[in-house]
Amino acid sequence: MDWKRIATDLRENGESNATVSGPHATLAPARSRIDIPSVTMMIASVLLVLLWLAIAMYLVEEKKSSYAHAEVTAGNIARAMEEHTRRTVRAIDQTAIFVKQQEEQLGKKFDLEAYAREGVFLDRFFNLIGVIDADGWFFKSTPSLPRSLLKDREHFRVHLDKDDVGLFISKPVI
């Protein structure tokens, strides 16, 4: 066996540590051409990219989850508000019908302020309950206010043509 030729071939192929020492030639292990700091840096870079991708995916899912939760919460609040509004309007309508019936049945004997003092009306729904006569005069209220002519107001005029309009909610009067 030609050890010199083998050593020369190994050197040409990048194995620079090959040595020949007589008939019992040994080949020293070849030095690694891998640069450890570079490999470490590449692995760390790949791990950082994977970490950022994982964080980005987590944030996208968290955002979707937050939007879904907000949508459910908004729906619940909307349903609760709708139910509260229905109950409030129903209570106002019932009170208006009651006041109308009492005024028609009792006329001047109907003491609106006494009913208010006795707690017949739910205070939290009303800051004013009043009666307007057929000519548009506001003459009875709780709390008691001076007579005033309201025939030009929308909430009076709507009832001129029809008696059975029902509850009418006008624009706020300031």
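In this predicted model, the largest nonpolar core has seven residues. Its members are Val99, Phe110, Leu112, Phe121, Phe126, Ile129 and Val131. In soluble globular proteins, nonpolar side chains tend to be buried together. One core member, Phe126, was examined for contacts beyond its neighbours within four places in sequence. Phe126 then touches Ala91, Ile92, Thr95 and Phe121. Of these partners, Phe121 is itself listed in the core.

Two further core members, Phe110 and Val131, are linked to Glu103. Glu103 belongs to helix H2. The residue is buried, because its relative accessible area is 18% and the cut-off for burial is under 20%. With neighbours within four places in sequence set aside, Glu103 is in contact with Phe110, Val131, Phe139 and Lys140. Val131 and Lys140 also face each other across the strands: Val131 stands opposite Lys140 in E2.

The strands form an open sheet of three, in the order E1-E2-E3, with antiparallel pairing. E1 and E3 are the edge strands, each pairing on one side only. Strand E1 covers residues 129-132, and strand E2 covers residues 137-142. Four bridges join this antiparallel pair. The hairpin of E1 and E2 has four residues between the strands. Within this hairpin, Gly136 adopts a positive phi near 95 degrees.

The second pairing involves E2 and strand E3, residues 148-149. This pair is also antiparallel and is held over two bridges. Here Phe138 stands opposite Ser148 in E3. E2 and E3 form a hairpin as well, with five residues between them. In a regular strand the side chains alternate between the two faces of the sheet.

Helix H2 spans residues 36-106. Besides Glu103, the helix includes Val39 and Gln94. Their exposure was compared with the cut-offs for burial and exposure. Val39 is partly exposed, because its relative accessible area of 30% lies between the 20% and 50% limits. Gln94 counts as exposed, because its relative accessibility of 52% is over 50%. Gln94 also marks an approach between separated parts of the chain. Its C-alpha atom lies 9.3 Å from that of Leu167, although the two residues are 73 apart along the chain.

Val39 also belongs to a nonpolar surface patch of about 840 Å². The other contributors are Ile34, Ile36, Ile43, Val46, Leu47, Val49, Leu50 and Leu53.

The overall figures complete the description. The protein has four helices and three strands. Along the sequence, these elements follow the pattern α-α-α-β-β-β-α. Of the 174 residues, 14% count as buried. The accessible surface comes to about 14200 Å². Carbon and sulfur atoms account for 60% of that surface. Among contacts between residues at least 6 apart in sequence, 24% join residues at least 24 apart.

How values were computed: Residues are numbered from 1 along each chain as its sequence is written. This is a predicted model: local features need pLDDT of at least 70, side-chain atom pairs count only at pLDDT 80 or more; totals for chains, interfaces and linings use all residues. Side-chain values use heavy atoms; hydrogens and water are left out. Patches are made of residues with over 30% relative accessible area and no salt bridge: like charges are joined within 9 Å, nonpolar side chains (Val, Leu, Ile, Met, Phe, Trp, Tyr) within 5 Å. Accessible areas come from the Shrake-Rupley method with a 1.4 Å probe; for residues, only the protein chains shown count as cover. A salt bridge is a side-chain nitrogen of Lys or Arg within 4 Å of a carboxyl oxygen of Asp or Glu. Buried means under 20% relative accessible area, exposed over 50%, partly exposed in between (1.4 Å probe, protein chains only). Two strands pair if DSSP finds at least two bridges between them. Contact means heavy atoms within 4.5 Å. A nonpolar core is a set of buried Ala, Val, Leu, Ile, Met, Phe, Trp, Tyr and Cys residues joined through side-chain atoms within 4.5 Å.
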